[in-house]
Amino acid sequence: MTTLIVGNGSDIDKSHIEDLNVDYVICADGGLEKVKKLGLIPNLILGDFDSVNKSVLEDYKNLNIETVKFPSEKDYTDMELAISHAVKMGFNDIVLVGASGTRLDHTVANMLLIEKYYKKDINIRIIDNNNFIQIVTESMIIPFRKNYYVSLIPLSENIEGLTLEGFKYPLNNINVERGSTLCISNEVSEDVGLIKLNKGSAFVFISKD
């Protein structure tokens, strides 16, 4: 089952999410205004409500949508609280929008939540107008998309046995250490590109300028 969590980061064009098969929508605090722009009706609104338009919040409350309020001084971000709630409900596939933006501290924290929950067998992806971000540990197929770049950033100390097939810059069974920029700005050159690795984990970015 898939849940969509909408945060308070950058706006997203609806075209990037309209093909998702979403079972449940959670709005994390200030993401409520983005939900309204997208024409979505959330199943749940949660957060400390310090960055939400109060009139918009009241409009949704009048629709009898469940709300969960947390204190403004807390140990977790609204995004992590939303993810935790989704996991407790049994969702193991989570899409985050409004999870990236001008606040790089929040963006990086949200990316690391992908890693944290991947270790708990929860698949989380971040989507914005220019990027798709998720983790790869074994293999991943990426369809060709014109003007998109594919980058891999190692999370483990090393990724071993990395092979890239169907890419402009192919690789064959090599090791890449954390901090290396070897795998930045590649491109799928065939109908699909295949990423394979024997050991380790990496962020995969599918990005456009």
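In this predicted model, strand 10, which spans residues 158–165, pairs with strand 11 in the antiparallel sense, and 4 bridges join the two. Within this pairing, Leu162 stands opposite Ile174 of strand 11. Both strands belong to an open sheet of 4 strands, ordered 8-12-10-11, in which the pairing is antiparallel. The edges of this sheet are formed by strand 8 (139–143) and strand 11 (171–177), each of which pairs on one side only. From one strand to the next, the twist averages 25 degrees.

A further open sheet contains 9 strands in the order 4-3-2-1-5-6-7-13-9, and its pairing is mixed. Here the edge positions are taken by strand 4 (66–69) and strand 9 (149–154), each paired on one side only. Neighbouring strands of this sheet are turned against each other by 20 degrees on average, with direction ignored. One of the pairings is that of strand 1 (residues 2–6) with strand 2 (residues 24–28); these strands run parallel and are joined by 4 bridges. Thr3 has Tyr24 as its bridge partner in strand 2. In general, the strands of a sheet pair through backbone hydrogen bonds, in either a parallel or an antiparallel manner.

Helix 4, made up of residues 104–118, lies across three strands of the 9-stranded sheet, namely strand 6 (123–127), strand 7 and strand 13 (202–207). The helix runs at about 160 degrees to strand 6. Strand 7 covers residues 131–136 and includes Gln134. Gln134 counts as buried because its relative accessibility is 14%, below the cut-off of 20%. Leaving aside residues up to four places away in sequence, Gln134 touches Ile124, Arg125, Met140, Ala202, Phe203 and Val204. Of these contacts, Ile124 and Arg125 fall within the range of strand 6, and Ala202, Phe203 and Val204 within that of strand 13.

The largest nonpolar core has 40 residues, and those with the most contacts inside it are Ile142, Leu162, Ile195 and Val204. Another core lies apart from it and comprises 27 residues, including Ala82, Ile83, Ile114 and Leu155. In the largest core, Leu162 is the residue that stands opposite Ile174 in strand 11, while Val204 is also one of the residues touched by Gln134. Ile142 is in contact with Val150, Phe167, Val188, Val192, Gly193, Ile195, Val204 and Ile206, again leaving aside residues up to four places away in sequence. Two of these, Ile195 and Val204, are themselves among the residues with the most contacts inside the core.

Notes. Residues are numbered from 1 along each chain as its sequence is written. This is a predicted model: local features need pLDDT of at least 70, side-chain atom pairs count only at pLDDT 80 or more; totals for chains, interfaces and linings use all residues. Side-chain values use heavy atoms; hydrogens and water are left out. A nonpolar core is a set of buried Ala, Val, Leu, Ile, Met, Phe, Trp, Tyr and Cys residues joined through side-chain atoms within 4.5 Å. Buried means under 20% relative accessible area, exposed over 50%, partly exposed in between (1.4 Å probe, protein chains only). Contact means heavy atoms within 4.5 Å. Two strands pair if DSSP finds at least two bridges between them. Axes are lines fitted to C-alpha atoms, for helices over the stretch in contact, and angles run from 0 to 180 degrees between N-to-C directions.
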